[in-house]
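Open the model in a viewer and keep the selection panel at hand. The stops below go from the sheet to the open and enclosed spaces, and then to single loop residues.

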Amino acid sequence: MKKKLLIFGANGSLGRGIVDVIPENKFTEIHLFDFKFENSNHSHYNLHMVSDLSIEQNVENAFHNVTNSKESVFYLISTIGGYIGGEKISDTKVEDYLKLINMNLTSNFLILKHFQKLVNKSHSGTALFTTAFTGLNAKELNGVYGASKGALIHLVKTASLEGREIKLSVNSIAPLIIDTPENRSWLNYDQLETIQKPGEIGKFIFGIFENYNFVTGNIFEMTSRFCID
């Protein structure tokens, strides 16, 4: 059986952490998708440049890079998304609302839609999407961001039910704060050990993939961590 891994958003802070912990000799093919690949150390993988993924034709073009067969099992990770916040709903610009919906919801809806079609013609598959703790728990000044992530959570739950017919499992992670350069710029020093590390998240995801045939429909909340060294 051929095992094919697809990672969308592979060049972002979370995506790079996940790529760094891909298990050796686990996958037959590895495809990385992003808007750019700067100074990549992963040139031995299949790198695919993509454009705006809220446009369906661009998503279709991305999936055309992956060959399908009944002897293929597909594993997909999407870290696609973005953040705009800090304002009340009444102060939020419509342009920012639409931008968040496109980044966090529409793009992932289209990735999920075409991944379902891919898996339908294969042996089986699994997908893992990146939502957010705020998508499950309302927070002031983050209404639109939370709404876009909450809608994605609903899609994940629905897709896990629809996936029964085609042997597709779908889950998501819902981190509170991920350890990225952007987040480090405003966090206190004593908070750095309590936030989610991209590499640890990656190892967790690949652990889920080991049991993809029965782990589905879950939203894994990640709110804090502690050192065990």
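Two strands are taken as paired if DSSP finds at least two bridges between them. Helices (H or I, at least four residues) and strands (E, at least two) are DSSP runs, numbered from the N terminus. This is a predicted model, in which local features need pLDDT of at least 70 and side-chain atom pairs count only at pLDDT 80 or more, while totals for chains, interfaces and linings use all residues. Residues are numbered from 1 along each chain as its sequence is written, and side-chain values use heavy atoms, with hydrogens and water left out.

**The sheet**

Select K2 and S72: S72, in β4, is the bridge partner of K2. The strands here are β1 (residues 2–8) and β4 (residues 72–78), which run parallel and are joined by seven bridges.

Next, select F8 together with F33, its bridge partner in β2. Five bridges pair β1 with β2, again in the parallel sense. Strand β2 (residues 29–34) is mostly covered, with five of its six residues buried; buried means under 20% relative accessible area, exposed over 50%, and partly exposed in between (1.4 Å probe, protein chains only).

Now show the whole sheet. It is open and parallel, with seven strands in the order β3-β2-β1-β4-β5-β6-β7. The edges are β3 (46–49) and β7 (219–222); each has a single partner strand, so one side of each lacks a neighbour in the sheet. On average, neighbouring strands of this sheet are turned by 15° against each other, direction ignored.

Add helix α3 (residues 94–120), which lies across β1, β4, β5 (124–130) and β6 (168–175) and runs at about 175° to β4. Axes are lines fitted to C-alpha atoms, for helices over the stretch in contact (heavy atoms within 4.5 Å), and angles run from 0 to 180 degrees between N-to-C directions.

**The largest pocket**

Which residues are closest to the centre of the largest pocket? Select G81, G82, Y83, Y145 and N183, out of the 39 that line it. The volume of this pocket is about 1200 Å³. On a 1 Å grid over the protein atoms alone, a pocket is an open set of points with protein on both sides within 12 Å along at least five of seven lines; a cavity is a set where a 1.4 Å probe fits but cannot get out, and lining residues have an atom within 4 Å of a point. Grid points are joined across faces, edges and corners, and a volume is the space filled by probe spheres set on the points.

Helix α3 gives the largest share of the pocket lining, four residues.

**The largest cavity**

The structure holds one cavity of 30 Å³ or more. The largest cavity has about 80 Å³ of space. Select its lining: I84, G85, G86, E87, T92, D96, L100, L141, N142, G143, V144 and Y145. The largest share, three residues, comes from α4.

**Loop residues**

Zoom in on N142, in the loop between β5 and α4. N142 counts as buried because its relative accessibility is 8%. Leaving out residues up to four places away in sequence, N142 touches Y83, G85, E87 and T134.

L141 is in the loop between β5 and α4 and counts as partly exposed at 40% relative accessibility. Although not a glycine, L141 has a positive phi of about 70°. Most residues other than glycine have a negative phi.

Finish at K167, in the loop between α4 and β6. K167 has a positive phi of about 60° without being a glycine, and at 55% relative accessibility it counts as exposed.
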